[in-house]
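Student: Please pick one part of this model and go through it closely. Then show me how it sits in the rest of the chain.

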Amino acid sequence: MSPAGPTVICAARDGGDLGLLPLRPPSSSSASASAGAAIMIYLTAPGLAVMPMRVMASDSIASVKLRVQTSRGVTARKQKLVFDGRELARDDGRIRDYGVADGNVVHLVIRIPDLRLITVETVQGGKFRFRVEPGRTVGYVKQQIAKDRRLHPTTRPDPDEQRLVLEGEDLDDRHLIHDVCRADGAVIHLLVQRSSSKISATEADDDGFEVSIVARDAGQQLPRRDVGIEPVVVGDPKAAAQQKLPSAVRDMIDAAVAGMEKGNAPIMSSEGTGGAYFMQDATGHRHVAVFKPADEEPMAANNPRGLPVSSTGEGLKKGTRVGEGALREVAAYILDHPRDGATGFAGVPPTALVRCTHKAFRQPLDQASPLAAPPPVPKLGSMQAFVSNCGSCEDMGPRAFPVHEVHKICVLDIRLANADRHAGNILVCKHDDGDGMSLVPIDHGYCLPESFEDCTFEWLYWPQCREPFGEETVEYVRSLDAEEDIAMLRLHGWEVSRECARTLRVATMLLKKGVERGLTAFHIGSVLCRETLTKESAIEEIVREAEGAGGCDDDETAFLQAVSEIMDRRLDEISPLGAKVI
Ligand SMILES: Nc1ncnc2c1ncn2[C@@H]1O[C@H](COP(=O)(O)OP(=O)(O)OP(=O)(O)O)[C@@H](O)[C@H]1O
């Protein structure tokens, strides 16, 4: 299957600002705009005509998104705005604070959900809700119905016995869900035609049936040389030779290779600002990994979401570099030390740096000629184990999240000064027994930035972060050691820059001091995050003051000593009593 770029569901134009303004050529030059002045900005998104929009320079990002929602039918939380290489991440930030001025072009990235909600209704009135990827076929949905535990085993119809009907029309097994259910909430009727011979065949060989019914990509066996995955070990070859791949990483790679060799092409996610591909297993029924090529990161040369190439090399978040997202993803996994067993304390899924080859990835422009069709280039990127989930924290209110599940993510984000912890980057997994849930943190391409400016933590607005840390978390935090962490990253080949190492040291120091004082994640997180876009956070002030203290210029130890003293003073001003749950 060829990768699909983000598609956009547009409502009819409302005849308001977006539609009626005369279009003049957009420019990227900045004309100064006074606070209250009306300015014209131009929104661009792949596949859409340029959208001129008149706004006030003092308008918030939220209000711009709301305007796009009203006129284009794309919900505000599914939009990302990017200007001059920076994500306009704070909804309460003002247009002018991000430097947007009259005549500027703002890039709009629309995150289309990877899962579509459909309801299957039986003639008896039974209802089953499914979340299905738009790239799946109707045949695949039939297989899911055949396996659905909500139906009694004796009454589960084989795929061959099912007819699925939408708005009076029989659905063809080969049709994609994307084509038959254009939006969430479609109701499909299930009719069952029993066949006794089929029942016995299914009982005899259930798996055989499923494989034979999958329509997508069947028979598309790719030649071996066109697909492959090689783990990449960077840095000192001696140190590299000592490293062994964790078994979870090995298994993930083996399963993804088996899938590609069977002809199950990687499927491009329709979410996210960079290229992200779901790797399938050999059956083609299961995602086993998510591959994010470095050259498809936001602002990188082959970004598939229409974002321009970074002119400075800086990534979407301050203090990060384009193309380094993969390293940071791997770093988050390496630093998520397990308490017991193999799973990390915060549960970052197994992640590795790999070189992966498949023609489904967006090929560099000079390779993309339809005439020559050269073999696909191997792509460097991060590969992370796929975690089955029932959505992300963005899809539900935070009240139901268990406190310790939130705390483990708070600890991870504070340590790594994560600049991209929005609710969409935490997956929700319901436990098999239907009781309880786990939260799985993903998307760590913007952790360990060189500065603290863009740190944002969605959980700061959740009640759980105002509860005291449990004993296990306190012990874990006590066991952390930034110097060991830096050494470990270097052993794995990441020559951590002085600035990133400093971020890790300062953030770990803050976490440890905060926990020893009995502060909550809310208090500690608030030190790291800016209250408004233009007001420095407490941690930025602490770092600036320490840098200003004499004798610290080249002496990291002296600098950290200065930070420690200033931090003590600042933290003493915070009362743990304020940690009461609201
Ligand atoms: N380990 C994983 N298991 C399951 N789904 C995942 C995993 N990692 C990413 N995804 C899903 O893949 C899609 C794209 O991933 P992701 O959001 O990380 O991409 P991105 O381009 O880095 O995003 P962002 O714009 O938020 O920075 C999302 O739907 C996400 O939920």
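Tutor: Two strands pair if DSSP finds at least two bridges between them. Keep that rule in mind for the sheet below. This is a predicted model.

Start with the sheet. Five strands form an open sheet, in the order β2-β1-β5-β3-β4. Its pairing is mixed. The edges are β2 (51-56) and β4 (86-87), and each of these pairs on one side only. In general, strands of a sheet pair through backbone hydrogen bonds, either parallel or antiparallel. Here we can see both senses by looking at β5.

Strand β5 covers residues 105-110. In the sheet order, β5 stands between β1 and β3. Take the β1 side. Strand β1 (residues 38-44) and β5 pair in the parallel sense over 3 bridges. Within that pairing, T44 has H107 of β5 as its bridge partner.

Now the β3 side. Strand β3 (residues 79-83) and β5 run in the antiparallel sense, joined over 4 bridges. L81 faces L108 in β5. V82 stands opposite H107 in β5. H107 is thus a useful landmark: T44 is its bridge partner, and V82 is across from H107 too. In a regular strand the side chains alternate between the two faces of the sheet.

How well covered is β5, the strand in the middle of that order? Of its 6 residues, 5 are buried, so β5 counts as mostly covered, because burial here needs 20 or more other C-beta atoms within 10 Å.

What does the record say about this stretch? UniProt, in an unreviewed entry, places the feature "domain: Ubiquitin-like" at residues 39-111 and 118-197. The span 39-111 is 16% helix and 34% strand. Its end C-alpha atoms lie 26 Å apart.

Next, the cores. In soluble globular proteins, nonpolar side chains tend to be buried together. The largest nonpolar core in this model has 93 residues. Y277, A289, A331, A417, L510 and I539 have the most contacts inside it. Helix α13 (residues 498-516) gives the most to this core, with 8 residues. There is also a second, separate core of 27 residues, and it includes M53, V82, M299 and L307. V82 is the residue we met opposite H107.

Look beyond the sheet to the record's other span, 118-197. Helix α3 (residues 138-147) is mostly covered, with 8 of its 10 residues buried. Those 8 include V138, Y140, V141, I145 and A146, but also K142 and Q143. The loop between β7 (127-132) and α3 holds R136. Why does R136 count as buried? It has 22 other C-beta atoms within 10 Å. Leaving out residues up to four places away in sequence, R136 touches V141 and I177. V141 is one of the buried residues of α3.

Finally, step back to the whole chain. The protein chain has 16 helices and 18 strands. Buried residues make up 41% of its 582 residues. Of the contacts with a separation of 6 or more, 70% join residues 24 or more positions apart. The ligand has 21 residues around it, and E271, G272, T273, G274 and D443 come nearest. By class, that shell holds 7 nonpolar, 10 polar and 4 charged residues.

Methods. Residues numbered from 1 in each chain as written. Predicted model: local features only at pLDDT ≥ 70, side-chain atom pairs only at ≥ 80, totals over all residues. Near = placed C-beta within 6 Å. Nonpolar A, V, L, I, M, F, W, Y, C, P; charged D, E, K, R; others polar. Helix = DSSP H or I, 4+ residues; strand = E, 2+ residues; numbered from the N terminus. Buried ≥ 20, exposed ≤ 12 C-beta atoms within 10 Å, placed from the backbone. Contact = placed C-beta atoms within 7 Å. UniProt positions renumbered as here; feature names shortened; annotations may be inferred. Core = buried A, V, L, I, M, F, W, Y, C linked by C-beta atoms within 7 Å.
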